[in-house]
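Please read the points below alongside the model, which is a predicted one. They are arranged by site, for checking against the coordinates.

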Amino acid sequence: MTLFNIVAKNLKHNFKHYFLYVASMTFSILIYFIFVSLQHNEQITKLIDRGDKVGPALFASSFILLLFVSIFIWYSNSFFIKKRKQEIGLYSLLGVQKKAIGKMIFYENFLLSTIALIVGIVIGELFSMLFSMILVKLMGFSFLVQFSLNITAVIQTFIIFLIITFFTSLQGYYIMYRFQLIDLFQARNKGQSIIKPSVIITLLSLVFIGISYWMLWNAPDSKNWDDHFGRNLLITLGMMVIGSYFLFHSLSGFFVQLLQNNKAIYYKWKNLLTFTQLKSRLRSNAVMLTTISVLNAVTLIAFGFAYTLYYNTLGTMEEFIPYSYQYEIASKEMDEQITNIIRNNKEHEIIFDDTFDYIMAKGNADSLEEIPGGYSYYDNQFAVMSETAYNKLAKQLKREQISSLKENETIIVNKNFIGSQDENENNGKPISLPITNKEIHLVVADSKIESLFNNNTVHPAVLIINDIIYEKLKNEYSIITSHIFKIKNEKDSAPLTRKLWEITGTYLSNIETGFNFHSFSDSYGEAQSVYGLLIFISSFLGLVFLSATGSIIYFKILTEAEEDRKRYTTLKKVGMNRREIKRVIAKQYMIFFLLPLIVAIAHSCIMLSSLSKIMDINFITPVVISTIIYSILYGCYYIMTLITSNRLVNA
């Protein structure tokens with residue numbers, strides 16, 4: 001029998017053990033190929049017209065995926081090699097040379113990985129059009145993507161994963177040179193000693209996790225985080241990970257011991273069998289359980305954050321972009337043409353049509369507690385508006401109007417696109433506006449967090465002032481007149497917007513002072529495309545992380561099930577039936593699956609709660625939905641593991 005015959009026989013005999021590993025690796029290669037394929041897809045880049053954003057985003061995602069998959073393949077390969085140490089030792093005992101055994105392991109791993117690589121690329125190519133359509137749909141476009149063979153993506157994926165496969169196969173080749181024969185035979189016979197949980201480590205786990213949660217919860221209101229964000233985040237995440245490790249190392253075992261001390265609970269035969277070896281196994285698997293909980297938390301945070309942004313796109317844009325259309329009246333003829341097109345459009349009824357005046361004035365805001373971003377963005381200028389003009393807009397937008405302002409008072413109106421703001425932080429602070437040979441000194445009487453402009457990048461910070469003071473400033477600065485429209489069903493007004501852009505485009509080259517035309521549909525479309533890309537990337541990366549973490553715990557539990565096979569055989573001989581054994585297995589494995597998930601959900605909730613406070617966005621609904629979906633998919637691995645291990649133990 002040749003070496004290749006042995007390799008083929010081993011693969012055929014053990015394929016059921018390798019199946020989930022091959023499936024996870026195939027799925028990882030599939031997702032990597034999709035990212036690379038989309039990155040080089042000319043149809044997508046031309047359609048989106050944001051290749052400068054899509055390309056780098058997909059490239060960065062591909063790199064993260066590649067790094068993770070490399071670690072996963074290395075870990076899985078190490079796991080299978082450890083599992084087969086007795087088999088390898090038997091080959092050596094029968095006189096097979098170390099070099100031949102190394103070649104056999106090398107070829108087996110290389111063939112499995114090559115199969116996964118080919119299948120992943122083929123499936124990716126066959127379904128590339130489907131995934132392209134998913135991305136296009138998530139980004140808010142209506143376009144039929146044509147099927148095309150992406151040779152660049154095929155070659156890139158094949159070469160990169162072939163290199164990874166080669167080096168991970170070498171890992172198996174050199175196993176015979178790293179272990180003595182006796183070590184190979186004793187690899188699966190090392191018992192697990194019953195170790196009493198450490199009270200000190202238990203307390204440290206609570207302290208570390210508690211402090212990290214407290215720091216994250218108070219981060220939005222802490223000036224220390226503003227000054228040392230990177231350092232504090234690194235410390236907090238480090239304490240969270242260390243606390244998680246200590247939790248699995250001792251705290252979980254400590255709770256098991258408390259349950260064991262309760263005789264009413266412990267001496268029920270199901271619990272007696274479930275808790276047997278559970279403490280030591282939780283401790284011996286602390287690193288694995290910590291890794292899984294961290295990966296689960298990262299996935300939940302990434303997907304929850306992306307889905308929250310996508311879920312709240314319309315609401316966020318309606319708050320930030322108050323009008324369907326806003327433009328500066330730089331030409332009477334152009335204004336008439338735009339107005340006629342909007343008024344004659346039958347699909348979008350006009351809610352209101354109005355104009356307002358304002359000026360852009362230099363100001364001194366050094367005394368403010370928090371200087372608005374729009375002030376610095378517009379070269380230390382404020383958009384200054386009269387009290388009357390503001391109240392007219394407030395009435396149209398159904399907002400609260402302001403009462404009479406004194407001549408030395410002003411109200412700041414500013415709205416960040418994303419981020420919490422304090423309405424009262426600048427109250428009582430002075431602001432000065434220079435005019436000829438003197439300055440107008442104002443005091444901030446109040447602040448309002450709302451939008452008065454349609455700019456889709458940074459809004460100018462607005463000062464509402466007394467009408468008399470505004471009349472004085474009008475003589476010092478150029479008056480800007482804005483025309484605003486609010487129409488029904490504005491999020492679907494892209495066709496109307498394209499007609500308006502055709503009109504405005506003919507005037508742009510003839511306007512010397514510049515021209516600003518901002519539409520809700522443009523801003524909404526851009527936000528939807530960015531968030532759609534984000535949720536596409538986070539979803540598929542999350543699925544890869546899920547498949548890998550599920551596979552890791554699946555491999556580990558099946559190994560322990562094989563080790564416990566004799567114990568369960570003995571229990572069957574003394575009267576336990578198959579159903580009772582299945583219940584014991586289900587309860588014990590549920591703990592291994594549930595603990596990392598519960599810890600991950602707790603970590604992700606505190607992190608997303610902190611982000612919710614910082615960004616001033618409601619995370620509850622999208623995060624609950626994403627957590628439920630993830631838990632259901634994660635539960636599928638538990639069911640799969642339970643079915644497989646039950647067959648193994650009850651065979």
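1. Gly89 has a relative accessibility of 0% and therefore counts as buried, the cut-off for that class being under 20%. This glycine is found in helix α4, which covers residues 85-93. For a check of the spacing around this site, the C-alpha atoms of Gly89 and Ile101 are 9.6 Å apart in space, while the two residues are 12 apart in sequence.

2. Ser244, in helix α11 (residues 229-261), is likewise assigned 0% relative accessibility, and so it counts as buried. A polar atom of the Ser244 side chain lies 2.8 Å from the backbone oxygen of Met240. Once residues up to four places away in sequence are set aside, Ser244 touches Ile209, Thr290, Ser293, Val599 and His603.

3. On the surface, a nonpolar patch of about 810 Å² is made by Ile115, Ile118, Val119, Val122, Ile123, Leu126, Phe127, Leu130, Ile134 and Phe158. Helices α5 (98-126) and α6 (128-138) each supply at least two residues of this patch, and the largest share, 6 residues, comes from α5.

4. How should one of the patch members, Ile123, be classed: buried, partly exposed or exposed? Ile123, which lies in helix α5, has a relative accessibility of 31% and therefore counts as partly exposed, since that class lies between the limits of under 20% for buried and over 50% for exposed. Patch membership requires over 30% relative accessible area, a cut-off to keep in mind when reading the value of 31% for Ile123.

Technical notes: Residues are numbered from 1 along each chain as its sequence is written. This is a predicted model: local features need pLDDT of at least 70, side-chain atom pairs count only at pLDDT 80 or more; totals for chains, interfaces and linings use all residues. Side-chain values use heavy atoms; hydrogens and water are left out. Helices (H or I, at least four residues) and strands (E, at least two) are DSSP runs, numbered from the N terminus. Buried means under 20% relative accessible area, exposed over 50%, partly exposed in between (1.4 Å probe, protein chains only). A polar contact is a pair of N or O atoms within 3.5 Å; within protein, one must be able to donate a hydrogen and the other to accept it, and residues adjacent in sequence count only if both atoms are side-chain atoms. Contact means heavy atoms within 4.5 Å. Patches are made of residues with over 30% relative accessible area and no salt bridge: like charges are joined within 9 Å, nonpolar side chains (Val, Leu, Ile, Met, Phe, Trp, Tyr) within 5 Å. Accessible areas come from the Shrake-Rupley method with a 1.4 Å probe; for residues, only the protein chains shown count as cover. A salt bridge is a side-chain nitrogen of Lys or Arg within 4 Å of a carboxyl oxygen of Asp or Glu.
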